[in-house]
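Trainee: I'm new to reading structures like this one. Could you walk me through it, feature by feature?

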Amino acid sequence: MEGYDCTVLLAAEDLSRGVDALAARLQPRLEGRLVTVVPILGGALIFAADLVRRLPAGLLLDFLRIQTYGPATSPQRAAAADWTPHPENVRGRTVVLLDDILDTGRTMAEARRVLCEELGAAEVLIVVLVDKPVRRRAAVVADECVLRLEEDLFLVGYGLDFGGRYRNLPELCALRPLAPAAVAPAAAAAAADPRP
Ligand code: IMP
Ligand code: MG
């Protein structure tokens, strides 16, 4: 990642402990309910894979794809779903809606609208790896998170991407552009602020 400083915020073992604790907090809220876990593709994929294996057997898993970002890092279109769960997997059920990060909240607001208004979910629990309230624009509150981030940092790893890359880093990292003096001129010119 030439031109960027990459700082580890949560190492793989911290993430594992955080997801353990999250699963333990969720279990009593899900007891006795018909549960469907819906990860928002693709950022929630890795978080979801780890979380569902810590929840009791019997839940359904279905998927929602909402894209707000194109190949670059600035929002290129409004949040719109282009893949939705099967209605039978949602109607009348408790949906645990997962995403990698709750930032402006636009993605989550649209996801919740689709699940409640179009697909008839009985209730939706909003569960994210990272809750970053500082840039919130939509009226969305996370029910649960692994990390609440007060600083406006751009993150990669454990599902979060920068231009489609770095989702497969096992740790969660903050990416900051290096000051021009700290990098070669060509790299400095190429390194834009990654925050959308
Ligand atoms: P929101 O609609 O602004 O809340 O953004 C949510 C989506 O934006 C997430 O699902 C991510 O895909 C993406 N996003 C927001 N912040 C970051 C970040 O720091 N790193 C990588 N992706 C991000
Ligand atoms: Mg995403």
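Trainee: Let's begin with the ligand. Which residue has a polar backbone atom 2.7 Å from a nitrogen atom of ligand 1?

Mentor: One caution before that: this is a predicted model. To read a ligand site, look for pairs of N or O atoms within 3.5 Å, which count as polar contacts. Here, the residue is leucine 155, whose backbone partners that nitrogen atom of ligand 1. The protein covers 92% of the 490 Å² of accessible area that ligand 1 has on its own.

Trainee: And the oxygen atoms? Which side chain has an N or O atom 3.1 Å from an oxygen atom of ligand 1?

Mentor: That side chain belongs to aspartate 100. The backbone joins in too: a polar backbone atom of arginine 106 is 3.5 Å from an oxygen atom of ligand 1.

Trainee: How many residues surround ligand 1?

Mentor: There are 14 of them, and the closest are Asp99, Thr104, Gly105, Thr107 and Leu155. Sorted by kind, the shell has six nonpolar, three polar and five charged residues.

Trainee: Which elements each supply at least two residues of that shell?

Mentor: Three of them do: β6 (94-102), α3 (106-118) and β9 (154-156). The most comes from β6, which gives three residues.

Trainee: Let me step back to the whole fold. How many helices and strands does the protein have?

Mentor: You'll find four helices and ten strands. Reading from the N terminus, the order is β-α-β-α-β-β-β-β-α-β-β-β-β-α.

Trainee: How do I read strand pairing? Do β6 and β7 run parallel or antiparallel?

Mentor: Two strands pair if there are at least two bridges between them. In this case β6 and β7 run parallel, joined by eight bridges. To see it on the model, find valine 96, which stands opposite leucine 125 in β7.

Trainee: Which strand is joined to β1 by six bridges?

Mentor: That's β10 (residues 172-177), which runs antiparallel to β1 (residues 4-10). Valine 8 stands opposite cysteine 173 there. β10 also pairs with β9 in the antiparallel sense, over three bridges, and phenylalanine 154 stands opposite leucine 175.

Trainee: Now burial. How many of the nine residues of β7 are buried?

Mentor: A residue counts as buried under 20% relative accessible area. By that test, eight of the nine residues in β7 are buried. Across the 196 residues of the protein, 45% count as buried.

Trainee: Which residues touch the most other members of the largest nonpolar core?

Mentor: They are Phe47, Leu51, Leu98, Val127, Leu155 and Leu172, in a core of 30 residues. Elements that each supply at least two residues of this core include α2 (45-52), β6, β7 (123-131) and β10. The largest share, six residues, comes from α1. Leu155 may ring a bell, as it is also among the closest residues to ligand 1.

Trainee: What about charged residues? Is glutamate 144 buried or exposed?

Mentor: Glutamate 144 counts as buried because its relative accessibility is 14%. You'll find glutamate 144 in strand β8 (residues 144-148). Its side chain makes a polar contact of 2.7 Å with the side chain of arginine 25.

Trainee: Last topic: the backbone itself. What counts as unusual there?

Mentor: Most residues other than glycine have a negative phi, and most peptide bonds are trans. With that in mind, look at the peptide bond from leucine 41 to glycine 42, which is cis, with omega near -5 degrees. Glycine 42 lies in the loop between β2 and α2.

Trainee: And phi? Where is tyrosine 158?

Mentor: Tyrosine 158 sits in the loop between β9 and β10. Its phi is near 50 degrees, a positive value in a residue other than glycine. At 5% relative accessibility, tyrosine 158 counts as buried.

Trainee: What is the phi of tyrosine 166?

Mentor: It's about 75 degrees, positive although tyrosine 166 is not a glycine. Tyrosine 166 is found in the loop between β9 and β10. With 23% relative accessibility, tyrosine 166 counts as partly exposed.

Note on methods
Residues are numbered from 1 along each chain as its sequence is written. Chains are lettered from A and ligands numbered from 1 in the order in which they are written. This is a predicted model: local features need pLDDT of at least 70, side-chain atom pairs count only at pLDDT 80 or more; totals for chains, interfaces and linings use all residues. Side-chain values use heavy atoms; hydrogens and water are left out. A residue is near a molecule or strand if one of its heavy atoms lies within 4 Å of it. A polar contact is a pair of N or O atoms within 3.5 Å; within protein, one must be able to donate a hydrogen and the other to accept it, and residues adjacent in sequence count only if both atoms are side-chain atoms. Accessible areas come from the Shrake-Rupley method with a 1.4 Å probe; for residues, only the protein chains shown count as cover. Ala, Val, Leu, Ile, Met, Phe, Trp, Tyr, Cys and Pro count as nonpolar, Asp, Glu, Lys and Arg as charged, and the others, Gly among them, as polar. A nonpolar core is a set of buried Ala, Val, Leu, Ile, Met, Phe, Trp, Tyr and Cys residues joined through side-chain atoms within 4.5 Å. Buried means under 20% relative accessible area, exposed over 50%, partly exposed in between (1.4 Å probe, protein chains only).
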